[in-house]
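Trainee: I should like to learn how to read the features of a protein structure. May we work through one together?

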Amino acid sequence: MAAGSVEAKGKAPLKDVTSAVVRFAGDSGDGMQLAGTQFTDTSAVVGNDVATLPDFPAEIRAPAGTVAGVSGFQINFAATNIHTPGDVVNALIAMNPAAFKAHIDDVEQGGIVVVNDSEFEKVNLRKAGYKEGYNPLDDEQINQKYKIYRVPITRLNEEALAETGMGAKDIGRCKNMFALGLIYWMYDRPLDTTIGYLEDYFGKKKKKPEVAAANVKALKSGFYFGETAEMFPVRYHVAKAPISPGTYRKITGNEALAMGLVTGAKLAEKTLIYCSYPITPASDILHNLAAMRNLGVKTFQAEDEIAAVCSAIGASFGGQLGVTGTSGPGLALKSEALGLAVITELPMIVVNVQRGGPSTGLPTKTEQSDLLQAMYGRNGDCPIVVLAPKSPADCFDIAIEAVRIAFRHMLPVVILSDGYLANGAEPWPIPDPTSFDKIEIPAPPSPESFHAYSRDENLSRPWAAPGMAGLEHRIGGLEKQNLTGNVSYDPENHQEMTDLRHAKIDKVGEFIPALEPYGSPSGDLLVLGWGGTYGSILTAVDHARQEGHKVSAAHLRYLNPLPKNLGEVLGRFKKVLIPELNVGQLRLLIRGKFLIDARGLNKVQGKPFLIEEIEQAITLMLDGTWGPSESLTPRHHQVSSESWGG
Amino acid sequence: MTTATTNLDVPVLTAKDFASDQDVRWCPGCGDYAILNQVRKVVAKMGNRKENTVFVSGIGCSSRFPYYMDTYGFHSIHGRAPGIATGIKLANPELDVWIVTGDGDGLSIGGNHLMHVLRRNVNVHILLFNNRIYGLTKGQYSPTSEEGKKTKSSPMGSIDMPLSPLSIAIASEASFVARAIDVDKNLAGVLERAGKHEGSAIVEIYQDCNIFNHKAFDYATAKDAKLDNILYLEHGKPLVFGKDNQKGITLDRTRKPKVVTLGEDGVTEDDLLVHDEGDESLAFLLSRLTYPDFPEPMGVFYRVEDDCYENLLEKQVEDAVKAKGPGNLADLYSAGDTYTVKD
């Protein structure tokens with residue numbers, strides 16, 4: 001942290017730091033997600049680079065005050081370019097003992113911990129699982145390790161709002177804004193973005209101006225408390241990041257996907273028909289798109305996952321863009337229908353926002369363990385195009401790319417997002433919608449020469465939708481004769497059609513960009529990743545390169561087909577490390593296809609990689625201490641040749 | 001192919017025009033043939049265009065149906081035709097969409113979808129071929145097989161309670177519910193009314209599987225017996241049946257249906273229930289009448305006019321455009337807080 005006093009507001013001096021990681025934690029009803037998103041919006045607006053990690057329980061309202069019910073929101077904001085939500089927490093805001101207990105271990109030594117002292121009483125301490133008579137805030141060791149600030153947030157908030165005439169319950173709901181105001185003061189942030197939001201949301205949308213006013217008052221009271229109370233010796237300032245000129249907004253992966261899908265549909269001049277069954281963490285895509293009726297978007301909340309994928313297939317057969325969205329268990333339910341989409345060669349898209357599995361697993365936690373399900377989870381030899389965005393903003397680009405591929409090649413495309421990308425946010429340079437290439441859809445041939453399964457240069461069959469006269473035809477799940485599309489049980493035809501379905505995927509490979517490693521084109525180690533691990537891998541490789549190591553990174557946005565030059569790239573490095581949030585699914589594919597001894601850093605702990613974990617793995621790979629294991633797993637953020645993961 | 005032209009120069013199509021070039025491969029003597037012929041006639045009579053007509057099916061003998069119609073067709077996966085058909089209607093509400101399903105496809109594996117396509121009132125016509133057996137998998141009992149039915153998978157007799165497809169349809173808020181028999185004269189009329197209905201229409205068609213469940217509906221089709229065992233429904237007319245139209249249905253003092261004979265015990269036509277297609281409770285009561293205790297009703301049980309799902313969705317799009325103006329991508333991208341970074 002670079003220090004330097006800039007100005008003084010109140011009595012505490014202002015200290016310049018290049019970045020800070022702040023985590024808001026409280027009961028799931030405490031409004032921590034709102035406090036966190038507001039802090040993110042404000043930080044983005046003042047020009048920082050930002051990356052966020054919301055972390056909430058699967059239960060909507062777990063018993064109040066328990067560790068199971070703790071909801072957290074972490075934000076990394078910086079004066080430099082950043083790619084992850086940060087490894088360690090510089091400042092924790094804990095609204096109750098349970099939140100303190102759940103998150104204190106992630107705070108750096110000497111880090112700031114602001115606690116809502118009002119809640120640290122007997123009952124809450126017991127609910128959090130602390131033993132009778134113990135209060136961690138009085139623990140000497142804890143006070144030595146962290147800078148603990150005991151602020152009676154509940155009481156101060158009540159006093160600040162005593163004259164609003166609101167009930168005690170409503171007043172209590174504003175305490176997140178009091179805490180947010182205090183942290184705004186501590187990090188030298190303006191209040192106007194949040195005030196604008198509160199007035200707009202509570203005042204105009206919910207038509208409750210008194211609630212808006214109370215929240216604004218709580219926010220300001222928190223800010224003034226910081227200024228007035230002589231509690232805090234120092235404040236922090238994070239300067240603007242060197243971001244390319246342009247207009248930006250903050251965007252989450254789910255928002256980006258929704259906007260990308262609409263954009264793709266518009267570029268193809270088709271109606272987007274999004275068919276989905278609510279499932280965490282994909283539901284926000286449905287919510288976002290349902291609010292876009294005035295852009296011509298149709299959403300359909302189906303009765304189940306199977307109906308969702310089938311109606312998307314029907315929509316594509318019907319001549320528009322059918323898309324379905326889900327998470328792991330839902331993808332499993334859609335498998336049979338995806339086989340139908342593959343054999344009928346219809347252009348449609350499946351979004352799978354991955355979460356912890358198997359089965360119901362960890363619904364609100366991130367994981368990358370559906371890669372093999374997406375690749376192979378269907379009966380028969382049933383290849384499908386698989387794409388994976390690398391960051392929240394990349395979800396926008398990948399969605400457009402998926403639409404382009406689906407229409408050009410007449411086949412279904414799977415997008416593998418994940419919980420971290422879906423809910424995480426980053427700044428997004430707002431694009432000019434006229435800057436995208438149109439998505440051309442080949443016109444179907446004339447009725448005289450029409451065959452449902454004729455092939456163009458990409459091996460695509462024509463798309464003749466009901467309503468087109470003279471092109472009436474029947475498709476379905478039974479094997480079709482190539483060219484005519486009639487049902488065929490002929491052995492040679494089935495071989496030909498199976499080969500064709502694979503050859504179509506290879507054709508997609510002719511349109512995707514060559515893989516270019518970040519760093520040097522060759523060297524001692526290539527760290528190969530896919531999906532949401534991009535930021536951690538890139539930062540860790542950057543650090544290793546700064547230390548002089550010959551390490552490069554390569555990231556796969558196309559999983560099927562793989563970039564054509566991948567084998568060649570792999571061959572230019574002595575060793576290959578594949579970090580994944582699963583037990584080694586890409587590693588299995590790479591080892592099987594390229595016969596190389598790739599090693600894996602694998603973790604399934606519901607959270608993204610820390611940069612530090614990948615750095616440790618890089619060190620073990622480079623200094624020859626990795627050992628014989630095909631993969632290692634960080635345990636409590638430590639990677640060693642002993643930390644074998646299976 | 002063209003038999004006549006109207007003043008718009010659009011050729012009028014015949015049943016023959018709706019026959020595809022594929023050989024029909026159902027077992028000789030299967031009830032499906034009769035239904036196929038009637039459907040071809042009805043779509044021609046309705047003035048359908050081939051390009052605007054879509055047949056969607058799931059899996060089962062009946063689900064081969066789309067291959068035999070020279071229209072657009074989709075032979076999908078087991079039980080899922082309602083999902084596919086709903087997607088087609090969302091993409092293009094103008095299309096005339098038919099679903100062909102069976103007692104296994106529609107009531108067993110696809111039961112959930114059937115319920116939901118009906119309650120949404122998607123404008124599709126559902127033909128449920130009920131042969132009370134699994135034909136394509138060679139003769140296991142189905143959700144409509146009678147209790148005690150001995151099949152390959154129930155050698156000691158089925159212990160499953162059968163369900164009534166039409167009771168389910170009525171409970172699922174279907175807006176048109178009817179029944180017909182593959183070889184019966186009323187099939188064409190019922191199909192035509194289903195085809196013209198705006199909303200989710202379901203027609204249960206008793207269909208003879210002459211291989212695995214032959215003569216399952218003998219009581220309803222045999223010349224000498226059928227008039228005593230089925231009852232033709234007519235809107236506004238009393239529920240009478242029997243060879244000489246001498247029998248009828250009335251309610252006893254506990255509101256339970258009862259078969260009575262006109263002229264006996266002073267019973268006159270005025271004592272009989274009168275059919276009302278708009279009466280949901282009556283429709284449900286009719287759906288519970290089963291042989292041999294009662295004659296089984298044929299014809300339209302229930303019909304109500306209601307908005308169709310795909311039109312309501314289109315209207316929401318129109319309303320949103322009216323309220324917010326036609327959305328554009330630039331505004332969409334810039335919604336919420338934006339900030340500008342200068343050089």
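Trainee: Leaving aside its neighbours within four places in sequence, with which residues is Ile313(A) in contact?

Mentor: Please keep in mind that this is a predicted model. To read contacts, one looks for heavy atoms within 4.5 Å. Beyond its sequence neighbours, Ile313(A) contacts Ala337(A), Leu340(A), Ala341(A), Leu346(A) and Met348(A), and from chain B it contacts Phe74(B) and Ile84(B).

Trainee: Which residues touch the most other members of the largest nonpolar core?

Mentor: A nonpolar core is read as a set of buried residues joined through their side chains. Here the largest one has 159 residues, and those that touch the most other members are Leu289(A), Ile313(A), Ile349(A) and Leu528(A). Helix α15 of chain A, residues 394-409, supplies the largest share of this core, with 10 residues.

Trainee: Why does this core lie between domain 2 and domain 3 of chain A?

Mentor: The core lies between them because domain 2 (250-435) and domain 3 (523-632) of chain A both give residues to it. Apart from this core lies another, of 58 residues, which includes Phe24(A), Leu182(A), Tyr187(A) and Val211(A).

Trainee: How many residues of chain A and of chain B are in contact?

Mentor: An interface may be read by its residues, its buried area and its polar pairs. In this model, 71 residues of chain A are in contact with 60 residues of chain B. The two chains bury about 5200 Å² between them, with 62% of that area coming from carbon and sulfur atoms. The interface of chain A and chain B also holds three salt bridges and 29 residue pairs in polar contact. For the salt bridge between Arg474(A) and Asp70(B), the closest N and O atoms are 3.2 Å apart. On the side of chain A that touches chain B, α12(A) gives the most, with eight residues.

Trainee: How far apart do the C-alpha centres of domain 1 and domain 2 of chain A lie?

Mentor: An interface between domains is read in a similar manner. The C-alpha centres of domain 1 and domain 2 of chain A lie 34 Å apart. Their contact takes 18 residues from domain 1 and 10 residues from domain 2. About 1000 Å² is buried between these domains, 58% of it on carbon and sulfur atoms.

Trainee: How many salt bridges are found across the interface of these two domains?

Mentor: There are two across the interface of domain 1 and domain 2 of chain A. In addition, Asp55(A) and Lys365(A) may be examined as a pair: their side chains meet in a salt bridge, at 2.5 Å from N to O. The strand β4(A) supplies seven residues, the largest share of the side of domain 1 that touches domain 2.

Methods
Residues are numbered from 1 along each chain as its sequence is written. Chains are lettered from A and ligands numbered from 1 in the order in which they are written. This is a predicted model: local features need pLDDT of at least 70, side-chain atom pairs count only at pLDDT 80 or more; totals for chains, interfaces and linings use all residues. Side-chain values use heavy atoms; hydrogens and water are left out. A nonpolar core is a set of buried Ala, Val, Leu, Ile, Met, Phe, Trp, Tyr and Cys residues joined through side-chain atoms within 4.5 Å. Buried means under 20% relative accessible area, exposed over 50%, partly exposed in between (1.4 Å probe, protein chains only). Helices (H or I, at least four residues) and strands (E, at least two) are DSSP runs, numbered from the N terminus. Domain bounds come from an automatic or database domain assignment. Buried area is the accessible area (1.4 Å probe) that two parts lose on being put together, summed over both. A salt bridge is a side-chain nitrogen of Lys or Arg within 4 Å of a carboxyl oxygen of Asp or Glu. A polar contact is a pair of N or O atoms within 3.5 Å; within protein, one must be able to donate a hydrogen and the other to accept it, and residues adjacent in sequence count only if both atoms are side-chain atoms.
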